[in-house]
Amino acid sequence: MAISPRSDATFSNQKSTPSESPRTKKFPLTEEEIFYMNCRAAYLTVFKSSLENIISKDQLYLALQHAGRNPSQKTINKYWTPQTAKLNFDDFCIILRKEKPTSKAELLKSFKQLDVNDDGCILHTDLYKFLMKRGEKMTREEVNAVINLTDVNADGKFDYIKFCKLYMTTNEQCLKTTLEKLEVDSKMRRHQFGNHIEGSPERDPSPVPKPSPKIIRKTDQETFSNKGDTRSSLLSATRKFKTSVSFTITMGANGNRNSKLTEPNLIKDWQYMQSKGCFFLEEDGEIISHQYRMQIAQRSMVYLTIKPLNLSQVEGKPSPWLSVDTALYILKENESQANLQLVCFTELRNREVFGWTGELGPGIYWLIPSTTGCRLRKKINPVTDEAQLVYRDQTGKLFLTKEFKSTLSDIFEVIDLDGNGLLSLEEYNFFELRTSGEKCDEDAWAVCRDNFDTKRNELTRQGFMDLNLMEANDREGDPCDLWVTLHSMGYNKALELTEACPFVIDIYAEKCKPKIKAVHMEACSGQLEKAICKSVLSKGDAKVMDGYENIIVHTYSCDTWITSVIENKSDEKVIIHINNELSKNCVNNRGLNIFAVEVGPKSTMVCQHVMPLNERQEWIYYCIYSLIS
């Protein structure tokens, strides 16, 4: 949920954290601990370690910005004098204690001094005079960047009330982003080094920052608050946003019917192959799925489709995966797997089916499934009632409940990739890797074959049921391990499939028998990210950031979703602020109306995917992309 733009929350009293560690669950954090954690989050956004030193004014300015401050040059000069060689993390903490964040009320007061008509706006002519001729002067180019912010300027006037709202939400989002990054980094370290949790031990007081003796200066004994210097507050705030660009796209209900997917004529005479797979939602929100290699023996017309897999639906039980969008990116393998060339993707649609028709030459192709993540997302409300998986009869014998057997049958349907009603060792190992992280070798498979029902060296549906019953018996009826399996496969405590989307891929070829094989189960990133960026750059609309020709926002829209990609051709990383607040009937894959992204130098990145909340109603995509200094 986006933080309310009306909030005057400051960095020093931020109470919320992205998620609770085991320690914070046991003891609530003190104000001092929250302050110290926020300091570390901001510092580690700029540096790899808190042991690294700040060695330039630019680094100090950037670190302070990530901490929710917007220092003027005058403020920077207070702490970075001609005698300063470096500042350490403890010095940074001391600076943050002294330099309080600019509040919304202070910003409004600063701007109100120039509001001659008391209407919440400042004439551009007055803004030029104030920013270029008084106090800490700005250049004409810098003032132009402020005036070119499309969402806060109109009819020769600067709307400072809208600007203050944008400024505060950006500050809060920057803080949220730094805290989330710190949490992700901590999780990575816990995964690598066991259960060690970085930070002080339980109830140890947070260390009190101690300044480096080399940088004690006369000004350290003074009060540095510049709240009375309204021009400095105004300057630092206006320099936050350099330029912006906006997109508006109005989409009709149920999409544009002109691009509806249709089957080729005489398709019943074409040769056919099918494979199933699944999107799985990870704990951190990342989506992974099966990936495939397809072989086409000779040049042929090909028809490919992907859609959610229809499972046995219990009456009254929701089937949320059926509304998840699916797509398939087709890449040609050339000299190596690392050198894949994007051919096409399934952008046409007929109800829940997405497809593509075209001619493919002979060779090996990679099929990479994709979903935007707009509808396959973590659920806010957890299920409290736990379904029963096993029971004992009067003799004490253990059985699987009817509901659990139905769920296992659906899981069998999902992992039976070739749809022949049996599980091969390869298919079973995709299941094992997903649920336990390990593979079943040939010897273990031979034991499985000797103890459970198999046909042609493949496990039957009944054999799969008996395998799970054996697991329950091994645990003397404790369903703990069974729940691990269910959660890994996307089921909640009510046995509802909420964090996975099984799908089916159909391939028709006119001249030859297509071959398809699942080869990986990987995150929907890497090659997929490159493929999405390339398709959006080639098919989408491009807008250049005014005054920054190396920063381009590309937007592609089809009937079902809108994707934006940010291209950074410059040699420096950039931070882009995204505001979707004026969009209507829309949902994006990030779950936030306002957020910021960092784009590395000479790179492109998928910024967001957007879909309608209700496809039966018109939806309006209105997004403002602003470059943050």
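How many bridges join E23 to strand E25, residues 603-612? I looked this up first and found 3, with the two strands running antiparallel.

**Ground rules.** I am working with a predicted model, where local features need pLDDT of at least 70, side-chain atom pairs count only at pLDDT 80 or more, and totals for chains, interfaces and linings use all residues. Residues are numbered from 1 along each chain as its sequence is written, and side-chain values use heavy atoms, with hydrogens and water left out.

**Confidence.** I checked pLDDT, the predictor's confidence in each residue from 0 to 100. The protein has a mean of 82, and 81% of its residues reach 70 or more. Residues 1-26 stay under 50, and residues 189-229 are also below 50. I remind myself that predicted coordinates should not be read in detail where pLDDT is low.

**The open sheet.** Back at E23, I noted that Cys-586 has Pro-612 in E25 as its bridge partner. Strands are DSSP runs of E with at least two residues, helices are runs of H or I with at least four, and both are numbered from the N terminus. Two strands pair if DSSP finds at least two bridges between them. I then traced an open sheet of 5 strands with antiparallel pairing, in the order E19-E20-E21-E25-E23. E19 (541-545) and E23 (586-588) each have a single partner strand, so one side of each is left without a neighbour in the sheet. The twist averages 25° from one strand to the next.

Next I looked at helix H16, residues 527-539, and saw that it lies across E19, E20, E21 and E25, at about 80° to E25. Angles run from 0 to 180 degrees between N-to-C directions, with axes fitted to C-alpha atoms, for helices over the stretch in contact (heavy atoms within 4.5 Å).

**Strand E17.** Is E17 (residues 500-509) enclosed or open? I found 9 of its 10 residues buried, so the strand is largely enclosed by the rest of the structure. Buried means under 20% relative accessible area, exposed over 50%, and partly exposed in between, with a 1.4 Å probe and protein chains only. E5 (271-281) pairs with E17 antiparallel over 10 bridges, and Ser-275 has Ile-505 as its bridge partner. E7 (300-308) also pairs with E17 in the antiparallel sense, over 7 bridges, with Thr-305 opposite Asp-506.

**Cores.** My last lookup was the largest nonpolar core, with 89 residues; Leu-304 and Phe-464 are among those touching the most other members. E17 gives the most to this core, 7 residues. Such a core is a set of buried Ala, Val, Leu, Ile, Met, Phe, Trp, Tyr and Cys residues joined through side-chain atoms within 4.5 Å.
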